[in-house]
Protein chains: 2
Amino acid sequence: MTLIIALDPPTGVDPVEWCRSIFERTRDIATGFKIGLPAIVEAGASRIGEVFRGFDGLVIADLKLADIGDIMALTVEKLARCGFNAVIAHAFVGYERGLSTLSEKCRELGVKLVAVVSMSHPGSVEVMDGVVEKLISVVERARCWGVVAPATRPEMVRFVRSRLSWVKILSPGVGAQGARPGDALCAGADYEIVGRAITRSSDPREAARRVVEEQRRALERCRA
Amino acid sequence: MTLIIALDPPTGVDPVEWCRSIFERTRDIATGFKIGLPAIVEAGASRIGEVFRGFDGLVIADLKLADIGDIMALTVEKLARCGFNAVIAHAFVGYERGLSTLSEKCRELGVKLVAVVSMSHPGSVEVMDGVVEKLISVVERARCWGVVAPATRPEMVRFVRSRLSWVKILSPGVGAQGARPGDALCAGADYEIVGRAITRSSDPREAARRVVEEQRRALERCRA
């Protein structure tokens, strides 16, 4: 399966009930769910984590961790206790006592570590893009399970794939941000992360099905 | 006043009660409190924020935000509603639709934006130190209220001060991480952030008083 659904509750709703409602309607279609920082900050990790109890797919805390290793390790301990089995952190903080400490803790807890090497907003080119080789080398040293690279920039997905054949690539930016389902998969990604195009649809289940179907057709075309 | 106390509850305690206990004993000595990501993730921002109700000093959410602008803005809206009046974010996400969006939202809400340009762990030299000029230019463009620079590296504090005369400099790393009270102030910082040396002391109030006294003496010496 190739679809991860991004759960970012709109303001003014109960974030836990909102996540539960989307989750229950799409859990058999998605390979996993990615929960953003605002919802976790608002409700706390344990209330959000409870939503996914019994689900055996990916439950990703998208905190974009970027602290010293000890603080990131402490955070992931709390997340693991709350039912999250994957976490997103920035390669930018470096390896020594940064991702080294975090990746060790993740392995100990059985939590998948996913590192950001590029982002989808224009500011990403100002600093991050200039050091992408260094960021990839941090990912290699930390032996991260996965990497985040934006579907809106397929050349970046291709570049990461060419440098790290073994890594899982997770690509956000499909739908509301402009990439079409399948664009990133065809460029070498393993999963596409889709948020609003599914969660703000009047029928999230049907919208998720359509995305998976479009992914399948795109893959048929680009592999032909 | 020159002391900010870092509240990072140890594992196995109720994070809210632990923060409240330190806060109540030191609130008239500290100019503010910095609450780390693990406590906010565990308890949620509103339960942590309640601890500081009625306090008119700095209440800093140290989330080290490093996401796209919209997500950071949404997070800070939630934090402001919970009583936080300052937030820490990374300059490395860049300005355009990164810190630009966040700083606009912060100004609208009256929340002070503090940007990280350098960190205290060894991994900071691998990527961040090589682009510190770019990070400082992001801080300038976003007109951040403050900057985080580690007390353990006074030359970095001096460098930031020489480049940004108007910015507040907040320096962590005093005490358990090795810097002495006053080291960063003498290098040009406005506040020193002290955690375990105060919070793990058997008498946090007395420990905080001692830090302030040592800062005062160090400043007398270096200004003599």
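## Helix packing and buried residues in chains A and B

In this predicted model, the axes of helix α5 (residues 95-109) of chain B and helix α6 (residues 132-142) of chain B come within 9 Å and cross at roughly 40°. That angle makes α5(B) oblique to α6(B); angles under 35 degrees count as roughly parallel, over 145 as roughly antiparallel, 65 to 115 as roughly perpendicular and the rest as oblique. Axes are lines fitted to C-alpha atoms, for helices over the stretch in contact, with angles from 0 to 180 degrees between N-to-C directions. Helices (H or I, at least four residues) and strands (E, at least two) are DSSP runs numbered from the N terminus.

The crossing of α5(B) past α6(B) is right-handed, meaning that the near helix is turned clockwise from the far one by less than a right angle. On the α5(B) side, Tyr95(B), Glu96(B), Leu99(B), Ser103(B) and Arg107(B) meet Val138(B), Arg141(B) and Ala142(B) of α6(B), where contact means heavy atoms within 4.5 Å. The residues of this contact divide into four nonpolar, one polar and three charged. Here Ala, Val, Leu, Ile, Met, Phe, Trp, Tyr, Cys and Pro count as nonpolar, Asp, Glu, Lys and Arg as charged, and the others, Gly among them, as polar.

In chain A, Ala142(A) lies in helix α6 and touches Tyr95(A), Leu99(A), Ser103(A) and Arg107(A), residues up to four places away in sequence not being counted. Ala142(A) is buried, with a relative accessible area of 1%; buried means under 20% relative accessible area, exposed over 50%, and partly exposed in between (1.4 Å probe, protein chains only). Its C-alpha atom is separated by 15 Å from that of Val160(A), 18 residues apart along the chain.

Buried residues of α5(A) are Tyr95(A), Gly98(A), Leu99(A), Ser100(A), Leu102(A), Ser103(A), Lys105(A) and Cys106(A). Their cover includes β3 (58-65), α4 (69-81), β4 (86-90), β5 (112-116) and α6 of chain A.

Helix α7 (residues 154-163) of chain A has Met156(A), Val157(A), Val160(A) and Arg161(A) buried. Seen down the axis of α7(A), these residues fall within an arc of 135°, so they line one face of the helix; the arc is that of the directions from the helix axis to the C-beta atoms. They pack against α6 (132-142), β6 (146-148), β7 (168-174) and α8 (183-187) of chain A.

Three residues of chain A have positive phi values.

| Residue | Place | Phi |
|---|---|---|
| Arg97(A) | helix α5 (residues 95-109) | near 55° |
| Arg143(A) | loop between α6 and β6 | near 45° |
| Gly110(A) | follows α5(A) | near 70° |

Arg97(A) counts as exposed at 52% relative accessibility, and Arg143(A) counts as exposed at 55%.

Gly146(B) is in strand β6 (residues 146-148) of chain B and counts as buried at 0% relative accessibility. Beyond residues up to four places away in sequence, Gly146(B) touches Leu113(B), Val114(B), Ala115(B), Val167(B) and Lys168(B). Gly146(B) and Lys34(B) are 112 residues apart in sequence and 13 Å apart in space, C-alpha to C-alpha.

Residues are numbered from 1 along each chain as its sequence is written, and chains are lettered from A and ligands numbered from 1 in the order in which they are written. In this predicted model local features need pLDDT of at least 70, side-chain atom pairs count only at pLDDT 80 or more, and totals for chains, interfaces and linings use all residues, while side-chain values use heavy atoms, with hydrogens and water left out.
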